[in-house]
Amino acid sequence: MTDADEKVYTVGVIVGSVSEPSLNRRFADALIALGPDAGLEFRDIPIVHLPFYGTQYDTAFPDDGWAFKRAVESADGLLIITPEYNRSIPAVLKNAVDWASRPTGKSSLAGKPVAVTGATKGVISTAVAQNHLKAILSALGAPLVGVPEAYIRVGDEFFDGDGGFANAGTREFLTGFLRQLHDLIGRWAPGAS
């Protein structure tokens with residue numbers, strides 16, 4: 001539970017999957033429900049509409065690219081939820097990161113606190129994809145939640161009937177993960193010491 005006087009931060013949620021149905025969208029929705037306990041208010045930042053990035057856009061940046069960058073910039077931090085495709089991140093997510101980092105010298109990710117997680121039914125639980133994404137974000141100057149890492153394996157009865165997390169231990173762990181994002185944002189907020 002958060003303190004009544006605690007600052008509530010706005011966090012943009014980017015789900016790196018455009019699959020229907022998407023396990024990671026379900027996971028994101030369950031995380032969003034934990035927001036009040038972590039001092040976070042979430043806002044979805046869709047990525048499916050972005051064209052494939054190319055340097056030709058640097059001189060004629062499209063409206064969709066600017067709108068995406070503004071959504072990233074207006075958030076206090078980001079929560080990126082990624083599936084793992086072929087031991088890496090999906091192309092649609094890499095494309096969104098490329099748009100956010102361009103044009104040269106105008107990256108929306110530098111100094112933007114980010115938490116990365118992902119869910120899968122597989123044994124390695126998006127660990128490789130998350131590490132690839134963290135390496136990219138780190139190179140772009142985004143401060144990252146380091147501990148705890150949230151590699152989530154989804155089994156039967158992972159979600160309850162309302163779409164939340166069925167297990168109290170899972171809820172507690174993931175609320176703690178989101179609290180780390182809250183604390184990271186606080187350390188990077190304007191005027192923070």
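# Exercises on a predicted model

**Exercise 1. What span should helix α6 (residues 168-188) have, and how far apart are its end C-alpha atoms?**

Solution. The structure is a predicted model.
- Step 1. Helix α6 holds 21 residues, and at 1.5 Å a residue it should span 30 Å. The expected span is 1.5 Å times one less than the number of residues.
- Step 2. The end C-alpha atoms of α6 are 30 Å apart, which agrees with the expected span.
- Step 3. The N-terminal end of α6 is capped by N167, with a side-chain oxygen 2.7 Å from the backbone nitrogen of G169.
- Step 4. Buried residues of α6 include L174, F177, L178, L181 and I185. An α-helix has 3.6 residues a turn, so residues three or four places apart point the same way.

**Exercise 2. Determine whether N95 is buried or exposed, and identify what its side chain reaches.**

Solution.
- Step 1. Locate the residue: N95 belongs to helix α4, which comprises residues 91-101.
- Step 2. Apply the cut-off, by which buried means under 20% relative accessible area. N95 has a relative accessibility of 6% and therefore counts as buried.
- Step 3. Examine the surroundings. Leaving aside residues up to four places away in sequence, N95 touches L50, P51, F52 and Y53.
- Step 4. Within this group, P51 offers its backbone oxygen, which the side chain of N95 reaches at 3.0 Å.

**Exercise 3. Establish how many residues of α4 are buried and which elements they pack against.**

Solution.
- Step 1. Of the 11 residues in α4, 8 are buried, and the helix is mostly covered.
- Step 2. Among them are V92, L93, V97 and W99.
- Step 3. The buried residues of α4 pack against two strands, β1 (9-15) and β3 (77-81), and against the helices α3 (63-74) and α5 (127-139).

**Exercise 4. Describe how the axes of α3 and α4 cross, and which residues meet.**

Solution.
- Step 1. The two axes come within 9 Å and cross at roughly 85 degrees.
- Step 2. Angles of 65 to 115 degrees count as roughly perpendicular, so α3 is roughly perpendicular to α4.
- Step 3. On the α3 side the contact involves G65, F68 and K69, and on the α4 side A96, W99 and A100.
- Step 4. By class, the residues of this contact are 4 nonpolar, 1 polar and 1 charged.

**Exercise 5. Is T10 of strand β1 buried or exposed, and which residues does T10 touch?**

Solution.
- Step 1. T10 has a relative accessible area of 19%. Buried means under 20%, so T10 is buried.
- Step 2. Beyond residues up to four places away in sequence, T10 touches E41, R43, A75, D76 and G77.

Definitions and conventions:
Residues numbered from 1 in each chain as written. Predicted model: local features only at pLDDT ≥ 70, side-chain atom pairs only at ≥ 80, totals over all residues. Heavy atoms only, no water. Helix = DSSP H or I, 4+ residues; strand = E, 2+ residues; numbered from the N terminus. Buried < 20%, exposed > 50% of the residue type's maximum accessible area, 1.4 Å probe, protein only. Polar contact = N/O pair within 3.5 Å; in protein donor to acceptor, adjacent residues only side chain to side chain. Contact = heavy atoms within 4.5 Å. Axes fitted to C-alpha atoms, helices over the stretch in contact; angles between N-to-C directions. Parallel < 35°, antiparallel > 145°, perpendicular 65-115°, else oblique. Nonpolar A, V, L, I, M, F, W, Y, C, P; charged D, E, K, R; others polar.
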